[in-house]
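Colleague: I have just opened this one for the first time. Could you walk me through it?

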Amino acid sequence: MSSTNRTRRAVALAGLMAVGTCVNGAAGQEANLSVAATQPAKGSITWREQVRFTRYELSDRDIDQLVVNTRLTLGLTGAVSAWADVPVIAERDRSDMAPNNNGLGDVSLGLKWRFWQHDTGAIETKRLAAFGGVSLPTGEEGLSSDGFDPFVGLVYTMVHGRHGVNASARYRVNTDGTDAALGPIGAGMGSADLLTLETSYLYRISPASYAAETSGSLYGVVESFVDYETNGDAEWRIAPGLLWEARRWAAEVSVILPAASDIEERAETEFGLVAGIRVLF
């Protein structure tokens, strides 16, 4: 084999290693807010810290909500992972008509099982995963659904070249309902069950193609969320954003915008801002 061919093969191999790390590493092309059928490797831990500010409208009042959520995900096997979400929440009624709520929110525990995977290339894959868990009534008064609320879901992920798509459905059974003075703010905080449909599209802006020296990728992201509660409340939100994904970490930022709503029992979203970071250990 000539030295030129050996050099080309080494570069190609390094490029494939970089691609594999980007696809299966810190974020695996997981969108900023929605779930994906991706997993950390066995024994690996992903730490995700996300800050979300949302302004709601409730009976002609503006409610500001700030959530700092810590998520830890542990790869149990190559196909199964466990996670925990620990949110800290601060709410403020801008009209001062009700007391502010501050403190720990409801902790969620869950499992995800990727039961099908079909890889058609170095950066092309299709995956299906089932997930489920429970939301625990750990929140402070006014910040909790006050019940042990189980949820189950299914998610599909496809990565094809510079494009990534995720689609999921999740159903949550609410066993109680918040006793907050403001009433339910977000979807799933009242006594009604909640069906959530999520879709996301990611486009790799840069690089156009991977190479041995590739250290990270910049994605444009558009996400869609439809919340339907069994009391008839429904809301659709869209969230454009950006994602920077390196080999062992990722950074994300999104804007949440209301698209349509028909809500009577809780607050409506006016807008939201999200920023976060993910690190793979």
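**Strands and their partners**

Modeller: Strand β1, residues 45-58, runs antiparallel to strand β13, residues 268-280, and 12 bridges join the two. Please keep in mind throughout that this is a predicted model.

Colleague: Which residue of β13 does Glu49 stand opposite?

Modeller: Glu49 stands opposite Ile277 in β13.

Colleague: And how many bridges are there between β12 and β13?

Modeller: Strand β12, which covers residues 249-262, pairs with β13 over eight bridges, again in the antiparallel sense. Within that pairing, Glu252 has Gly276 of β13 as its bridge partner, and the two strands form a hairpin that leaves five residues between them.

Colleague: Okay, now β5 and β6. How many residues does the hairpin between them pass through?

Modeller: The hairpin joins β5 to β6 through two residues. Strand β5 spans residues 108-121 and strand β6 spans residues 124-135, and they run antiparallel with 12 bridges joining them; Gly110, for example, is partnered with Gly133 in β6.

Colleague: Which strand does Ala129 of β6 find its bridge partner in?

Modeller: That partner is Val155, in β7. Strand β7 takes in residues 149-160 and runs antiparallel to β6, with 11 bridges between the two.

Colleague: Switching topic: which residues make up the largest nonpolar core?

Modeller: There are eight of them, namely Ala31, Ile123, Leu202, Tyr210, Tyr219, Val221, Leu243 and Ala250. Looking at Leu243 in particular, and leaving aside its neighbours within four places in sequence, its contacts include Leu202, Tyr219, Val221 and Ala250, and also Glu252 and Arg278. There is also a second, separate core of seven residues, with Val35, Trp83, Ala129 and Phe151 among them.

Colleague: What about Leu76, is that buried or partly exposed?

Modeller: Leu76 counts as partly exposed, because its relative accessibility is 38%, which falls between the 20% limit for buried and the 50% limit for exposed. Leu76 sits in the loop between β2, residues 61-75, and β3, residues 80-93.

Colleague: What does Leu76 touch, then?

Modeller: Once neighbours within four places in sequence are set aside, Leu76 is in contact with Lys42, Ser81, Ala82 and Leu111. Its C-alpha also lies 7.8 Å from that of Ala41, although the two residues are 35 apart in sequence.

Colleague: Anything odd in the backbone?

Modeller: A few places deserve a look, given that most residues other than glycine have a negative phi, and most peptide bonds are trans. Ser59, in the loop between β1 and β2, has a positive phi near 55°, and Asp146, in the loop between β6 and β7, has a positive phi of about 65°. The peptide bond between Ser206 and Pro207 is cis, with omega about 0°, and Pro207 is found in the loop between β9, residues 194-206, and β10, residues 216-229.

Colleague: Why does Ser59 count as exposed, and why does Asp146 count as partly exposed?

Modeller: Ser59 counts as exposed because its relative accessibility is 59%, whereas Asp146 is partly exposed because its relative accessible area is 29%.

Colleague: Last thing: where does pLDDT stay under 50?

Modeller: That is the case over residues 2-27, for which the model still has 38 contacts beyond four places in sequence. Where pLDDT is low, the predicted coordinates should not be read in detail. For the protein chain as a whole the average pLDDT is 88, and 87% of the residues score at least 70.

Technical notes: Residues are numbered from 1 along each chain as its sequence is written. This is a predicted model: local features need pLDDT of at least 70, side-chain atom pairs count only at pLDDT 80 or more; totals for chains, interfaces and linings use all residues. Side-chain values use heavy atoms; hydrogens and water are left out. Two strands pair if DSSP finds at least two bridges between them. Helices (H or I, at least four residues) and strands (E, at least two) are DSSP runs, numbered from the N terminus. Buried means under 20% relative accessible area, exposed over 50%, partly exposed in between (1.4 Å probe, protein chains only). Contact means heavy atoms within 4.5 Å. pLDDT is the predictor's confidence in each residue, from 0 to 100. A nonpolar core is a set of buried Ala, Val, Leu, Ile, Met, Phe, Trp, Tyr and Cys residues joined through side-chain atoms within 4.5 Å.
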